[in-house]
Amino acid sequence: MNRKYRKTVIAGNWKMNKTPSETKEFMQNLKALLPKGRWCDVALCVPAICIPAAVRAMRETRVGIGAENCNANPSGAYTGEISTGMLVDAGCKYVIIGHSERRAMGETDQDVNAKVLSALEAGLIPIMCCGESLEQRQSGITSEWIAMQIKLGLQNVPEEKIRKVVIAYEPIWAIGTGMTATPEQAQEVCESIRTVVRKLYTSKTARTVSILYGGSMNEKNAFELLAQPDIDGGLIGGASLVPEKFVQIIEAANQPTV
Ligand code: PEP
């Protein structure tokens, strides 16, 4: 982390877990446990149906609520979809875009880019995900693959808006598997992502972009991962479903930075 130049963000991704009633209960428990200090931004991205309950429960706290996906179109004949404008109106601050589980359902880099542009236009903070498969890592093409995802995902994002984008590096082989990337592996890729952003924009801008690590981050390994200079927070799946674990990860972000 580097709090001098950029924000630290601890974000949860609930995936398809919890009902609206369970959301209310979780948020009440979380509120009681939230540390008093304000060393990082905290986000919880929840299933669309849980957004109203989450927003209601976390009003007047420093926890921002987010969605797990969006549609890039402003409105129209897209049955079952939710626009970025709708998410803003519902009280969302964040939206996860391009999670590998959605990419596995057919989402392309072009879709990701359209969603990022739409989220920024609506005033949401996009958490844009990228990550390599185990095969790609083993064949040595991780950095090229990630660079391509970043370049395509950020196409036409103007310099003044890139500071709003949060990038999440999530190696697919580490998501939900308990196989965390080592702090060195995660740092290496997060640093390479910052280099890509530097080449696309400027070094000053690249310094301001928060890059998160995600993939089996938990209360035990968070401190070491967050101690890396280019890891500015975490995108957390499983451990964000348990208030005590999520709070411990927030607490792990309370450490000296460069
Ligand atoms: C995720 O869903 O983005 C994720 C990182 O999941 P987990 O923490 O469970 O690996």
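Q: What volume does the largest pocket have?
A: The largest pocket comes to about 430 Å³, where a volume is the space filled by probe spheres set on grid points joined across faces, edges and corners. This is a predicted model, so to speak with strings attached: local features need pLDDT of at least 70, side-chain atom pairs count only at pLDDT 80 or more, and totals for chains, interfaces and linings use all residues. Numbering runs from 1 along each chain as its sequence is written, and side-chain values use heavy atoms, leaving out hydrogens and water.

Q: What makes a residue part of the lining of the largest pocket, and which ones lie nearest its centre?
A: A pocket is an open set of points on a 1 Å grid over the protein atoms alone, with a 1.4 Å probe fitting at each point and protein on both sides within 12 Å along at least five of seven lines (a cavity is a set the probe cannot get out of); lining residues have an atom within 4 Å of a point. For the largest pocket, 19 residues line the space, with Pro47, Ala48, Glu68, Asn69 and Arg102 nearest the centre.

Q: How many nonpolar, polar and charged residues are in the lining of the largest pocket?
A: There are 10 nonpolar, four polar and five charged ones. Here Ala, Val, Leu, Ile, Met, Phe, Trp, Tyr, Cys and Pro count as nonpolar, Asp, Glu, Lys and Arg as charged, and the others, Gly among them, as polar.

Q: What about the second largest pocket: how much space lies in it?
A: About 240 Å³. The second largest pocket is also lined by 19 residues, and Ser216, Met217, Gly237, Gly238 and Ala239 lie nearest its centre. By class, its lining splits into five nonpolar, 10 polar and four charged residues.

Q: Why are helix 1 and helix 2 called roughly parallel or oblique?
A: Helix 1 (residues 20-33) and helix 2 (residues 51-58) have axes that come within 8 Å and cross at roughly 25 degrees. Angles under 35 degrees count as roughly parallel, over 145 as roughly antiparallel, 65 to 115 as roughly perpendicular and the rest as oblique. Therefore helix 1 and helix 2 are roughly parallel to each other. The axes are lines fitted to C-alpha atoms over the stretch in contact, with angles from 0 to 180 degrees between N-to-C directions; helices (H or I, at least four residues) and strands (E, at least two) are DSSP runs numbered from the N terminus.

Q: Which residues of helix 1 and helix 2 meet?
A: Pro20, Thr23, Met27, Leu30 and Lys31 of helix 1 meet Ala53, Ala54, Ala57 and Met58 of helix 2, with contact meaning heavy atoms within 4.5 Å. That contact holds seven nonpolar, one polar and one charged residue.

Q: What makes helix 1 and helix 12 roughly parallel or oblique?
A: Helix 12 (residues 243-252) packs on helix 1 at about 40 degrees, with the axes 9 Å apart. Helix 1 and helix 12 are therefore oblique to each other. Phe26, Asn29, Leu30 and Leu33 of helix 1 touch Pro243, Glu244, Phe246 and Val247 of helix 12.

Q: How do helix 7 and helix 9 pack, at what angle?
A: Helix 7 (residues 142-153) and helix 9 (residues 183-200) pack at about 45 degrees, with axes 10 Å apart. That makes helix 7 oblique to helix 9. In helix 7, Thr142, Ser143, Ile146, Ala147, Ile150 and Lys151 meet Val189, Ser192, Ile193, Val196, Val197 and Leu200 of helix 9.

Q: Where is Lys15?
A: Lys15 sits in the loop between strand 1 (9-13) and helix 1, and has a positive phi of about 55 degrees despite not being a glycine.
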